[in-house]
Amino acid sequence: MDHEKLAAHVAAAAMERALVSLQKRRPDLKLGPRARVPEEEAAALVLDQLTYTCGVVARLRADVTDYVIAARSAGASWAKIGPALGESPQTAFNRYKRHDEPDRHRQTGRRRTV
């Protein structure tokens with residue numbers, strides 16, 4: 001699945017969950033495929049979508065951190081990790097250095113490369 005399809009999938013799931021929440025809040029509404037959301041519920045619907053999407057983003061950020069840790073553990077340098085993240089090696093180092101294992105570098109005698 002490419003990035004655009006994945007983003008569309010997340011957006012569709014966010015809308016689906018938001019509509020379920022709306023139906024729970026307002027069981028009096030009949031929400032069909034072409035139903036309009038009442039104006040007074042529009043903000044709540046968008047906020048429900050936002051909440052779901054932020055949850056997905058948080059999970060993806062955690063996955064990225066796990067991949068950075070795994071790459072460092074496998075010996076990848078910040079010079080390789082930075083571009084994989086779409087940023088400079090220094091930015092990657094600054095963002096993820098607290099997850100780096102300094103003891104691993106001391107034990108092997110290798111210096112940390114940035």
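1. Secondary structure. In this predicted model, the protein has five helices and zero strands. Along the sequence the pattern therefore reads α-α-α-α-α, since a helix here is a DSSP run of at least four residues and the runs are numbered from the N terminus. Helix 1 covers residues 3-25, and helix 2 covers residues 42-73. Helix 3 spans 78-85, helix 4 spans 89-96, and helix 5 spans 102-108.

2. Burial and contacts over the whole chain. The protein has 114 residues, of which 22% are buried. Among contacts with a separation of 6 or more, 41% are between residues 24 or more positions apart.

3. The nonpolar core. The largest nonpolar core holds six residues: Val68, Trp78, Ile81, Ala92, Phe93 and Tyr96. Two elements, helix 3 and helix 4, each give two or more residues to this core. Helix 4 is the main contributor, with three residues. Val68 is part of this core and comes up again at the cavity in point 5.

4. The largest pocket. Its volume is about 170 Å³. The residues that line the pocket are His3, Leu6, Ala7, Val10, Val56 and Leu60. Helix 1 and helix 2 are the elements that give two or more residues to this lining. The largest share comes from helix 1, with four residues. By class, five of the lining residues are nonpolar and one is polar, with no charged residues.

5. The cavity. How many cavities of 30 Å³ or more does the count give? The count comes to one, and the space in the largest cavity is about 50 Å³. Ten residues line the largest cavity, and those closest to its centre are Val68, Ile69, Arg72, His99 and Asp100. Helix 2 gives the most to this lining, with four residues. The lining has four nonpolar, two polar and four charged residues. The lining of the largest pocket, by comparison, has no charged residues.

6. Asp100. Where does Asp100 lie? This residue is in the loop between helix 4 and helix 5. Asp100 has a relative accessible area of 9%, and because this is under the 20% cut-off, the residue counts as buried. The side chain of Asp100 makes a polar contact of 3.0 Å with the side chain of Arg72. Both residues are among those closest to the centre of the largest cavity.

7. Glu87. A second loop residue worth a look is Glu87, which is found between helix 3 and helix 4. Is Glu87 buried or exposed? Its relative accessibility is 19%, so Glu87 falls under the 20% cut-off and counts as buried. The side chains of Glu87 and Arg95 are joined by a polar contact of 2.9 Å. Leaving out residues up to four places away in sequence, Glu87 touches Gly82, Ala92, Arg95 and Tyr96. Ala92 and Tyr96 also belong to the largest nonpolar core.

8. Points to check in the viewer. For the polar contacts, look at Asp100 with Arg72 and at Glu87 with Arg95. For the empty space, start from Val68, Ile69, Arg72, His99 and Asp100 at the largest cavity, then go to the largest pocket, where His3 and Leu60 are among the lining residues.

How values were computed:
Residues numbered from 1 in each chain as written. Predicted model: local features only at pLDDT ≥ 70, side-chain atom pairs only at ≥ 80, totals over all residues. Heavy atoms only, no water. 1 Å grid on protein atoms, 1.4 Å probe; cavity = no way out; pocket = protein on both sides within 12 Å on 5 of 7 lines; lining within 4 Å. Points joined across faces, edges and corners; volume = space filled by probe spheres on them. Nonpolar A, V, L, I, M, F, W, Y, C, P; charged D, E, K, R; others polar. Buried < 20%, exposed > 50% of the residue type's maximum accessible area, 1.4 Å probe, protein only. Polar contact = N/O pair within 3.5 Å; in protein donor to acceptor, adjacent residues only side chain to side chain. Core = buried A, V, L, I, M, F, W, Y, C linked by side-chain atoms within 4.5 Å. Contact = heavy atoms within 4.5 Å.
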